[in-house]
Structure formats: structure tokens, C-alpha cells
Amino acid sequence: MNFREWVLRARSLLRGRHFSSIAALFLVAVIAAGVSVLAVDHFTPLINADNFLKDWEFAFAAHDQPSDDRVRIVAIDEDTLHHLPYRSPIDRGMLAELLTRLDESHPRAIGIDILFDQPTEAAKDAALERVIRTMKTPLVIAYTEEPENVTPKQLQYLRAFVPEKDRATPDLPKDSYGIVRTIHPGMKVDDGRYLLSFERALAEKFGVKTANKTETIVWRKPPKGQRYDYFETGAWTVNQYAPVMMKAVGPALFGNRIILVGSDMTLVDRHRTPLATISADGVMPGVFAHAYGISTLLDGAVSPFAGWKTNLFIALLLSLIGAALGVLNFHLAPRIAILLALVALYCVGGLYFYNYSGLVVGLLSPSMATILSFVGMDSLTGLQARRQRFEIQGMFSRYLSPKVVDFLVAHPERASLEAERRVMTYLFTDIADFTTFSEHMESKELADLVNDYLEGMTQVVQKHDGMVDKFIGDAVFAIFNVPVYDLPDHAERAVQCALDMDRFSEDFRKRYEEKGLHFGITRIGVLTGPAAVGNFGSKTRLSYTAQGDAVNAASRLEGLNKQFGTHICVAGETRALCKTVQFREIASVILKGKTVPTMVWEPLHPGSRAVELVEPYRAAFAKTAAHAPEAKDLFAALAAEAPDDSCIRWHAARLAQGHEGVEIKMTEK
């Protein structure tokens with residue numbers, strides 16, 4: 001296959017030329033990609049959907065990771081509460097002892113995720129306050145001034161109890177579905193000071209500089225059997241270590257680490273996290289969520305999620321493919337199947353890429369871009385195709401068979417309306433003595449009769465995939481091999497059409513004869529030859545038709561029937577192209593305006609009397625052509641045997657009048 005054939009094949013797949021240009025395809029792809037990325041980043045329902053997909057990616061594709069050894073949790077758990085005189089507030093004597101023991105273990109920093117907003121037992125409060133103010137280890141203590149969390153009286157106590165340098169806000173931002181996903185940067189308090197978040201304050205105590213912005217928490221997928229992703233030790237367990245044992249065990253467990261002290265109690269301070277897609281343990285106490293945030297900051301807050309630029313690039317690539325699918329000119333169902341397969345393949349590929357590289361590429365925005373570009377391009381090309389289809393249907397549906405119209409709708413490139421020269425077969429019909437017949441009828445009755453007749457004739461033409469070019473009064477002009485090129489047997493189709501027209505018109509004539517109306521016979525001429533076909537006319541009125549000498553000759557061929565007494569006259573060029581129709585010669589005719597004679601043939605209805613007599617007819621015709629004297633007697637005998645055969649009768653009468661041969665020169669059109 002050469003280059004030109006490849007180009008033609010590629011063009012045949014495209015529809016809607018105006019919209020399938022490279023510029024339009026790129027424009028649709030860019031718009032689809034941009035809209036998808038912006039919508040997923042800013043439209044809340046899509047943000048939530050994107051988060052859900054990321055959680056799903058995490059659950060299926062993330063690698064198990066060991067806990068962050070830099071962070072430990074000492075939990076006020078149910079076992080601890082079991083040994084205390086009351087559940088709330090948390091016993092501050094126990095906390096004072098716990099902080100003392102942790103301080104002696106030499107941690108890098110201690111974070112207390114407990115709000116000290118009201119007094120308890122005076123001695124225990126004083127003991128805890130003394131420990132807080134004398135500890136060597138840097139402290140970060142939960143603190144808030146938000147009215148929905150503390151009353152003015154509680155705030156006054158909180159300010160007095162927690163040293164200013166140790167304060168941090170423990171807020172855990174949530175999305176619209178109540179899922180913790182980000183690290184709060186901090187907030188301004190009433191006196192204008194900026195209060196760091198719990199996570200940022202501890203990370204800076206550890207020696208890591210943090211940015212004043214919201215960061216995405218990097219969640220670790222815990223190994224099987226490990227609860228959450230951080231080792232937890234109960235506060236009561238730590239306090240039960242003997243002093244000697246604590247000196248040995250403490251530094252090993254807590255030394256040089258960030259220690260978080262907070263509650264792990266049933267139904268208290270529980271928060272939903274992305275880890276909930278893995279197990280129910282993903283709904284965790286706030287202190288554990290803080291641990292993940294601190295670990296993220298210690299690692300430099302490197303998000304595993306691809307940025308908008310990466311997602312936009314991927315979305316653009318996929319939307320180009322989607323737009324290309326929208327342009328292709330084959331059935332919608334397989335194109336949608338390919339589109340969905342492409343989206344599914346990308347999602348699976350995204351999971352494998354995450355598993356391999358640790359980078360989470362967006363699944364939603366590129367998938368949306370692919371679908372949007374497909375829909376957009378298909379709509380645009382479909383609009384053009386629909387316009388073209390309406391034009392084709394409007395122009396051809398009344399004159400072509402539904403099968404041909406459907407073909408043209410599916411292959412509009414085959415329906416060229418520009419003038420071109422092509423070999424076609426032309427069929428003309430006319431009703432004998434119609435003018436005289438019509439003078440004796442009322443206008444409405446005449447219109448109904450003619451419409452009934454022309455409707456039937458049109459159906460016959462369409463049955464043989466011809467095109468009714470126009471009606472000229474009662475006459476029909478039909479063309480075969482337009483506007484489709486795929487009718488190699490167009491000559492035979494036209495002759496078969498003529499035979500069916502003859503059957504229909506005879507039945508039609510006899511039907512009206514029974515009503516007392518003498519409807520004339522239908523005369524038909526068929527000729528094959530080259531002519532120009534296309535839109536002809538003025539700026540205000542165009543007609544798709546054929547023009548040329550062959551068309552005029554076909555019209556004159558129809559008129560020969562009047563002289564021969566036949567119903568159908570077919571040119572020799574057409575007869576030579578018919579393989580299945582039986583013919584008999586009529587005469588060698590020089591049409592008006594011509595100098596070269598053409599043999600005119602009559603197609604025969606299968607099973608007719610003319611078929612039975614075809615051999616003796618041809619013998620008589622051969623003698624006539626040879627100017628043999630016995631030709632006169634042969635045709636006279638045939639006329640006696642078949643008195644209703646008008647063609648035989650014409651030959652017999654002509655020879656009886658002294659004419660010889662089969663050559664005739666027409667002096668009229």
C-alpha cells in the first residue's frame with residue numbers, strides 16, 4: 001500500500017472535516033484537560049471523589065511501611081484508667097509522675113495532647129504544674145482560645161496553667177466527609193501572637209524547619225498485625241517500671257525521640273483517616289493522627305501525590321486520545337468500549353505506578369479529561385455529521401432507496417455533490433397521450449392519480465438503488481450509479497428497473513381502465529454513457545442532476561417506443577453490460593443530431609411470449625438486416641402467430657410497405 005492509499009484510508013476514518021482538524025482536536029483536548037484538573041482541585045464533590053480514589057489507591061497499591069522510629073506514643077488507655085480513681089479529668093498526679101519518668105529518658109521533645117482547661121485536685125494540679133515548668137525536655141502542650149472549645153473561665157485557667165512558650169493548637173482539619181487529611185499550619189490568637197499547630201511546634205522542637213502552610217499528611221500503611229502505624233505504650237505501664245529498670249528501658253524506648261502523650265480511650269477523641277479504607281483502626285484517636293502529621297513534617301512534607309502540573313500533563317495526553325476517538329468514524333458502541341478500556345487501563349497503570357514509584361498520580365482528572373474530550377469531539381463532529389446527514393437525507397431520501405441513503409449517511413465522503421464526469425445509466429419514462437387523457441379530468445383527481453403513479457414508479461427505482469433525478473410532468477428521469485460509486489452493475493439494475501416499471505405501469509393502467517379511464521402505456525428508454533453530474537443551477541436554486549449528450553440520447557431513446565410500438569428501448573452500450581437479461585434487437589437507429597447508428601434493443605420479460613419466439617424473431621431480423629427477400633414472409637408469419645407483439649407487427653408492416661434493412665434515421669427528438 002503506497003502513501004496516498006494510506007492517507008485516503010486514514011481520511012475515510014474521519015468525519016466532520018471542519019472539526020477533525022489538528023487545531024480543533026488540540027483545542028478540545030486542552031479545554032477538557034484544563035477543565036478537569038481545575039474542577040477536581042476546586043469543586044467540592046469532585047475533590048471528595050478524588051480523595052476517595054486516592055484512599056482506594058493507597059489501600060491497594062501502597063507498600064507496608066514500618067512505624068516511624070522517631071515518634072512514640074504514651075497513651076492514656078483503658079488499662080491506665082482502670083487504675084485511676086476517676087476517668088475525667090485525667091489524674092494529674094499520674095501525669096506528673098509520667099512526665100518525670102519520660103524526662104529522665106532523654107527524649108527530644110514531648111507533646112501533651114491533653115487540654116488543661118479546669119482545676120482538679122489542688123495538690124496534683126500543683127505537682128503537674130511544677131513538673132511542666134521544671135522539665136529539661138522541650139514541651140508542646142495543647143492550647144486553644146476558640147470560644148466553641150473553652151469558656152472564658154476555662155481560658156483563664158488554661159493561660160495560667162500552660163506556659164506561653166509551650167502552647168500549640170491541636171486542631172485537626174477535616175474535609176467535608178470528616179476525614180483528616182492535612183496538617184493545620186497554626187492560627188492567630190486574641191493578642192495577635194501566632195500559635196503554631198501541634199505538629200509544627202514539635203517538628204521545630206526536633207530541629208526541623210517547617211513552612212507556614214497547610215501540608216498533606218503522608219499516611220503509612222501499617223504492616224499486618226500492627227495497630228495503626230506507631231508503637232503505643234500505656235501510661236500505667238510506664239509508671240510501673242521500677243526506677244532502676246526505667247533507667248535502662250526508658251532511653252531505649254523514648255530516648256532522642258518525640259513522645260506524644262494523649263488519650264486512647266473508647267469513643268473519645270476519635271477521627272476518621274484515609275487508613276479507614278484498610279481497617280476499622282483507621283478511625284483513630286487524635287494523638288495518632290498528630291503522630292502521622294509530625295512524621296510527615298520530619299520527612300520534609302514530601303507529598304506522595306502528584307502535583308497539578310503532572311496531572312494536567314497526563315490529562316492532556318489522555319484527552320488527546322479521547323478526542324481522537326471522538327473523531328473516528330465508526331460505530332459509537334465500540335468507540336465507547338475502547339474509551340472505557342483506556343480509562344480502566346490507565347487506572348490499573350496508575351496503581352502499578354504508585355506501587356513501583358511511590359507517586360500517586362491523579363486518577364479522576366485524567367479520566368474525566370479523556371471522557372470529556374471524547375464527548376466534546378464526538379459532539380462537535382457529530383454536529384457536523386448530523387448537518388451533513390440532514391443535507392444528504394433532505395437531498396436524496398425522496399429519490400434514493402433507504403439502503404443507499406443509509407450508506408451515504410454512514411459514508412458522507414462518497415456523496416460528492418461537486419460536478420464531475422462519470423459513466424452512468426439514464427432512464428427516462430413518459431406516458432403515451434397523457435395530455436389528451438388529462439384534459440378530461442378534474443385537477444384534484446388528476447393530481448391524485450399522477451401522485452399515485454409517480455409514487456409507485458419511485459419505489460421501483462429505489463428498489464433497484466437508482467436515484468430519481470426529477471419529475472417532468474408525468475415523466476420520470478432516473479439515474480443509476482449516483483451518488484454512490486459502488487454500483488458496477490448499474491446498467492443491469494437500470495434495465496431490471498425498466499422491466500419492473502413496465503409491470504407496475506401496466507397493472508396501474510389496467511386498474512384505471514376498469515374505472516373507465518384510458519390511461520396511456522408507459523414508454524421507457526435506457527442508455528449508458530458518460531455525463532457531468534453534480535449541482536447545477538443558480539445561486540438561489542440548485543439541482544443535483546446529470547447533463548450531457550448521453551442524457552439527451554437517453555431521452556430520445558424513450559421516444560423511439562412510439563414508432564416501434566414497444567414499451568422499453570435500451571441502447572446497445574447498456575445491453576452489452578447486462579449479463580442476466582434477455583434481449584431482442586429492434587433496429588439500428590441514427591438518433592436526431594447523430595451520425596453514427598446505434599443498435600436499439602428490447603429487454604424481454606422472463607416467461608413472456610416474446611421469449612418463446614426469440615429464436616425465430618432473430619432469424620427473421622437477421623434476414624431483414626441482410627436485405628433478404630424472405631424476411632418479409634418470416635415477419636408476416638411471426639405477426640400471424642403473435643398478433644399482440646407490437647415490435648413484430650412494426651417490422652412486418654414496414655417490410656410490407658417495401659422498406660428494407662434495419663437502419664432507421666430519426667428526424668424528430
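Tutor: Between two axes, an angle under 35 degrees is called roughly parallel, over 145 roughly antiparallel, 65 to 115 roughly perpendicular, and the rest oblique. The model is predicted, and local features need pLDDT of at least 70, side-chain atom pairs count only at pLDDT 80 or more, while totals for chains, interfaces and linings use all residues. Residues are numbered from 1 along each chain as its sequence is written, and side-chain values use heavy atoms, leaving out hydrogens and water.

Student: What makes helix 5 and helix 6 roughly parallel to each other?

Tutor: Helix 5 (residues 92-103) and helix 6 (residues 122-134) cross at roughly 25 degrees, and their axes come within 8 Å. The axes are lines fitted to C-alpha atoms, for helices over the stretch in contact, with angles from 0 to 180 degrees between N-to-C directions. The angle falls under 35 degrees, so helix 5 and helix 6 are roughly parallel. Their crossing is left-handed, a term for a near helix turned anticlockwise from the far one by less than a right angle, clockwise being right-handed.

Student: Which residues of helix 5 and helix 6 meet?

Tutor: From helix 5 they are R92, G93, L95, A96, L99 and T100, and from helix 6 K124, D125, A127, L128, V131 and I132. Contact here requires heavy atoms within 4.5 Å. The contact of helix 5 with helix 6 comprises 7 nonpolar, 2 polar and 3 charged residues. In this scheme Ala, Val, Leu, Ile, Met, Phe, Trp, Tyr, Cys and Pro are nonpolar, Asp, Glu, Lys and Arg are charged, and the others, Gly among them, are polar.

Student: Why is helix 3 called oblique to helix 13?

Tutor: The axes of helix 3 (residues 44-61) and helix 13 (residues 332-357) cross at roughly 60 degrees and come within 10 Å. That value lies outside every named range, which makes helix 3 oblique to helix 13. The crossing of helix 3 and helix 13 is right-handed. Helix 3 contributes W56, E57, F58 and A61, which meet G350, L351, Y354 and N355 of helix 13. By class, the contact of helix 3 with helix 13 has 5 nonpolar, 2 polar and 1 charged residues.

Student: How do you know which orientation term fits helix 22 and helix 24?

Tutor: Helix 22 (residues 614-625) and helix 24 (residues 646-656) pack at about 30 degrees, with axes 12 Å apart. Therefore helix 22 is roughly parallel to helix 24. Helix 22 passes helix 24 in a left-handed crossing. Y617, F621 and T624 of helix 22 make the contact with C647, I648, H651 and L655 of helix 24. The residues of the contact of helix 22 with helix 24 divide into 5 nonpolar, 2 polar and no charged.

Student: How many helices and strands does the chain have?

Tutor: There are 24 helices and 21 strands, taken as DSSP runs numbered from the N terminus, helices being H or I of at least four residues and strands E of at least two.

Student: What makes S319 count as buried or exposed?

Tutor: Its relative accessible area is 0%. Buried means under 20%, exposed over 50%, and partly exposed in between, with a 1.4 Å probe and protein chains only; S319 is therefore buried. S319 lies in helix 12 (residues 308-327), and its side chain reaches the backbone oxygen of L316 at 2.9 Å. Beyond neighbours within four places in sequence, S319 is in contact with A29, A32, A33, A369, T370 and S373.

Student: Why does L527 get the label it has for accessibility?

Tutor: L527 has 8% relative accessibility, so it is buried. L527 belongs to strand 16 (residues 522-537). Outside four places in sequence, its contacts include M424, Y426, A554 and L557. L527 and E558, 31 residues apart in sequence, are 9.4 Å apart C-alpha to C-alpha. For the chain of 669 residues, buried residues make up 51%.

Student: What is unusual about the backbone at A301, H627 and P89?

Tutor: Most residues other than glycine have a negative phi, and most peptide bonds are trans. Phi of A301 is near 55 degrees, a positive value. A301 lies in the loop between helix 11 (286-298) and helix 12, and is buried because its relative accessible area is 17%. H627 has a positive phi of about 60 degrees and sits in the loop between helix 22 and helix 23 (631-641). At 42% relative accessibility, H627 is partly exposed. S88 and P89 are joined by a cis peptide bond, with omega about -5 degrees, and P89 is in the loop between helix 4 (78-82) and helix 5.

Conventions
A polar contact is a pair of N or O atoms within 3.5 Å; within protein, one must be able to donate a hydrogen and the other to accept it, and residues adjacent in sequence count only if both atoms are side-chain atoms.
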